[in-house]
Amino acid sequence: MKTLQELTRPNIWKLKPYSSARDEYKGVEASVFLDANENPYNGPHNRYPDPMQWEVKNTLARIKKVDPRQIFLGNGSDEAIDLVFRAFCQPGQDNVVAIDPTYGMYQVCADINDVEYRKVQLNENFQFTADKLLAATDMHTKLIFLCTPNNPTGNDLSRQEIEKVLNSFDGLVVVDEAYNDFSEAPSLLADLDRYPNLIVLQTFSKAWGCAAIRLGMAFASTDIISIFSKIKYPYNVNQLTQKQALEMLHRHYEIDRWVKILKEERGYLESEFAHLPCTVHIFPSDANFFLVRVTDAMKIYNYLVGEGIIVRNRHTVSLCGNCLRVTVGTRVENDKLLDALRHYQDS
Ligand SMILES: *Cc1c(COP(=O)(O)O)cnc(C)c1O
């Protein structure tokens, strides 16, 4: 791996971050706060939140078995994705490499930041090889993006190939584990200390059932996390979100129950889809959604919209011709979808 200084944009490496009132005074003994130009009325929403979210991080660190200083929290995973570009990629000069198809935000953030986005197509089983991915890199490649389980294909990427990339690539490897809770594959978090070039992304939006509060997590070496903390907006995670996250973390056993039910429902949907006349192929899934090739994705998508049921049409995505992406819902919702599809007439 190159040194972190070599990988970081020079202006970011040199940056002296904005220092907020809550950064400068961190003690808790004080009882009179006249430093941040807040309104003394309308508690508790009158006070700026902790810019570093230590209470949430300390609780999360115990659950995830990492050091709290190895955690970055942001406004969804999308903030962490944007920050890796802003921290490491010189616009108009550096590039990133990613599997294709995958989550669309990586390319959008690359385009916004004027960073070349190099796609390496997955094989017909939606797997990749480290060699093919590394062959697309050059001296200006700062990041490789991997998403496992991958969106929209739903499958886990090969652990062996991921580790080969981590061992061979001299830049940073972002592994997006947004759907890891639904997979049998262990998280790479357990190996964080072994790979100084690893950045793991997770989110409160899926298994944790908190898409509304916008809270994403990045886990990496304390040095990488320090860079993110330096360039983020000072109060990037608001107080309401921090409060709700703490509440969820304190009843994290409930998430296991949701995940168990959703995996059972995924199995139910897959076995029922196998009997539908409109199904061509069901791709195996390790996530809370699955990809299904149908007779005519556009027609079936529009038919379902007419029935008030929305799935994701992935027909135009590479390797996903005539594919719909179906999120696993409750049994009632899943049965509504199945009923509608049983009544679908090919014309
Ligand atoms: C849904 C999803 C996320 C989560 O994004 P948030 O901004 O945290 O809601 C991240 N990565 C992938 C691949 C996803 O599908």
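Here is a short chat about how a few labels in this structure are earned.

User: What kind of model is this, and how are residues numbered?

Analyst: It's a predicted model, where local features need pLDDT of at least 70, side-chain atom pairs count only at pLDDT 80 or more, and totals for chains, interfaces and linings use all residues. Residues are numbered from 1 along each chain as its sequence is written, and side-chain values use heavy atoms, with hydrogens and water left out.

User: Why is Cys210 called buried?

Analyst: Buried means under 20% relative accessible area, exposed means over 50%, and partly exposed is in between (1.4 Å probe, protein chains only). Cys210 has a relative accessible area of 5%, so it's buried.

User: And what makes Ser19 partly exposed?

Analyst: Ser19 comes out at 35% relative accessibility, so it falls in the in-between class. You'll find Ser19 in the loop between helix H2 (10–14) and helix H3 (21–24); helices here are DSSP runs of H or I with at least four residues, strands are E runs with at least two, and both are numbered from the N terminus.

User: Why are Cys323 and Cys320 not called a disulfide?

Analyst: A disulfide is a pair of cysteine sulfur atoms within 2.5 Å. The sulfur of Cys323 is 5.1 Å from the closest cysteine sulfur, in Cys320, so that's too far for a bond. Cys323 is also buried, at 0% relative accessibility.

User: How many disulfides are there by this rule?

Analyst: Zero. Cys210 is in none either, as the nearest cysteine sulfur, in Cys147, is 20 Å away.

User: How do you know that the length of helix H11 fits?

Analyst: The expected span is 1.5 Å times one less than the number of residues. H11 (residues 253–273) has 21 residues, so it should span 30 Å; its end C-alpha atoms are 31 Å apart, which agrees. Its buried residues include Ile255, Val259, Leu269 and Phe273. Among the elements covering the buried residues of H11 are H10, strand S8 (279–282) and helix H13 (331–342).

User: What makes a group of residues a nonpolar core?

Analyst: It's a set of buried Ala, Val, Leu, Ile, Met, Phe, Trp, Tyr and Cys residues joined through side-chain atoms within 4.5 Å. The largest one has 55 residues, and Phe128, Leu133, Leu146 and Phe219 touch the most other members. Helix H10 (residues 239–250) gives the largest share of this core, four residues. Apart from it lies another core, of 33 residues, among them Leu7, Phe72, Cys147 and Ile231.

Note on methods:
Contact means heavy atoms within 4.5 Å.
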